[in-house]
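User: Please take a close look at one helix of this model and at what surrounds it. I would like a connected account rather than a list.

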Amino acid sequence: MMSEDRRLVAVVTGANRGIGKAIVRRLLLQTAKPMIIYLTARSVERGQQAFDDLRREQLRSAHTDNELRFHQLDVSDVATMQAFVEYLTLVHGELSVDILVNNAGGVVRSAAGDVVRTCDVDTAYRSVHLNYFSAVNVTSVMLPHVRPHGRVLFMATALAQLGIFSGDLPKVLVSDDLTLNGLHIIENGFVSSVGKGTFSSYGFPPMPFAVAKAGLIAYARMLARVLAHDSRDLVFAAVCPGYVKTDMTGPYAPLTPDQGAETPAYIALTDDTKRLKRHNGGLWKHLKPLKW
Ligand SMILES: NC(=O)c1ccc[n+]([C@@H]2O[C@H](COP(=O)([O-])OP(=O)(O)OC[C@H]3O[C@@H](n4cnc5c(N)ncnc54)[C@H](OP(=O)(O)O)[C@@H]3O)[C@@H](O)[C@H]2O)c1
């Protein structure tokens, strides 16, 4: 049954800390548009803690119109995605989401918790799955439920410039003939070629995080192209948050999580739809389109 509640519905993945939590804070406390924001996290305990923090902030502020909700969502677990979509459909109807921010992601850590900087097959596999396949899976499950004029965002990085690739890869990644299957083959090909030590001969750099995020940038472009005539008139964007001080980067990064959240929140909220559509599927940084 279609819900009568016409408030916008936003979903942010990996929102219990870092930039994701800061994006939720901006949506909750800065938008004048009536909105329900789903802060999602893989851990119920950590997600609930972030929810409690932001609710306290909201109660201290003048912005009490928007509604914050928590829902568990592990972006590496398709069953939790399906359960979440079923819940959203029940509560908001078949078309249930206006804004989807694919934020969950990051660096690979060792069992001791240190950031792994080597390019071995285990790191490549984990990085590609956390940063590329998880966001593609979440988007595939949610996309049929995105409402007209909806916006789908992917957190990328400026490290994932086309120039880090060589051979045919830069051309292939921006090709209008690139399919989702083709993109999966590229990302899986990176992992297996790292295992065989042949990745550089295929044009890949020894940078698992950047290769995975480049896949997301190509995916945003592809969605904009393939769905250009979809009657829902959707907007897709890949966003570089800048170098932001979070658990991912440590204390020396110059930007705060709130500054890192500025561009994704702008794309989620701006009324300048024409500007977003002009750069549909493009890469953004510091509130501006960035050439890829
Ligand atoms: N910080 C930067 O300078 C920077 C630069 C470029 C791009 N980015 C991108 O921006 C996004 C946010 O980065 P950040 O710096 O805020 O990272 P962060 O502080 O490490 O936070 C990562 C978030 O992702 C969540 N997450 C990890 N695996 C998940 C899963 N399977 N399911 C659901 N959530 C999961 C984490 O949850 P747990 O607490 O449960 O682990 C955490 O909430 C990431 O995609 C990152 O790659 C960041």
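**Helix H6 and its surroundings**

Analyst: Helix H4 (121–142), helix H5 (169–173) and H7 are among the elements that cover the buried residues of H6. The model is a predicted one. The buried residues of H6 are Leu183, Ile186, Glu187, Phe190, Val191, Ser193 and Val194. H6 itself comprises 17 residues, 180–196, and its end C-alpha atoms are 24 Å apart; this agrees with the expected span because 1.5 Å a residue also gives 24 Å. Just after the helix, Gly197 has a positive phi of about 75°.

The loop between H6 and H7 holds an aromatic contact. The whole structure has 7 aromatic pairs. In one of them, the ring centres of Phe165 and Phe204 are 6.4 Å apart and the planes stand at 70°, so the pair is edge-to-face, the class for angles over 60 degrees. Phe204 lies in the loop between H6 and H7 and Phe165 in the loop between strand E5 (146–155) and H5, so the pair ties together parts 39 residues apart in sequence. Phe165 counts as buried at 6% relative accessibility, and Phe204 is buried at 7%.

H7, one of the elements covering H6, also contributes to a pocket. H7 supplies 6 residues, the largest share of the lining of the second largest pocket. This pocket has a volume of about 240 Å³. Its lining has 20 residues, with Arg221, Asn280, Gly281, Gly282 and Leu283 nearest the centre. By type, the lining residues are 11 nonpolar, 5 polar and 4 charged.

Technical notes. Residues numbered from 1 in each chain as written. Predicted model: local features only at pLDDT ≥ 70, side-chain atom pairs only at ≥ 80, totals over all residues. Heavy atoms only, no water. 1 Å grid on protein atoms, 1.4 Å probe; cavity = no way out; pocket = protein on both sides within 12 Å on 5 of 7 lines; lining within 4 Å. Points joined across faces, edges and corners; volume = space filled by probe spheres on them. Helix = DSSP H or I, 4+ residues; strand = E, 2+ residues; numbered from the N terminus. Nonpolar A, V, L, I, M, F, W, Y, C, P; charged D, E, K, R; others polar. Expected span 1.5 Å × (residues − 1). Buried < 20%, exposed > 50% of the residue type's maximum accessible area, 1.4 Å probe, protein only. Contact = heavy atoms within 4.5 Å. Phe/Tyr/Trp six-rings, centres within 6.5 Å; stacked < 30°, edge-to-face > 60°.
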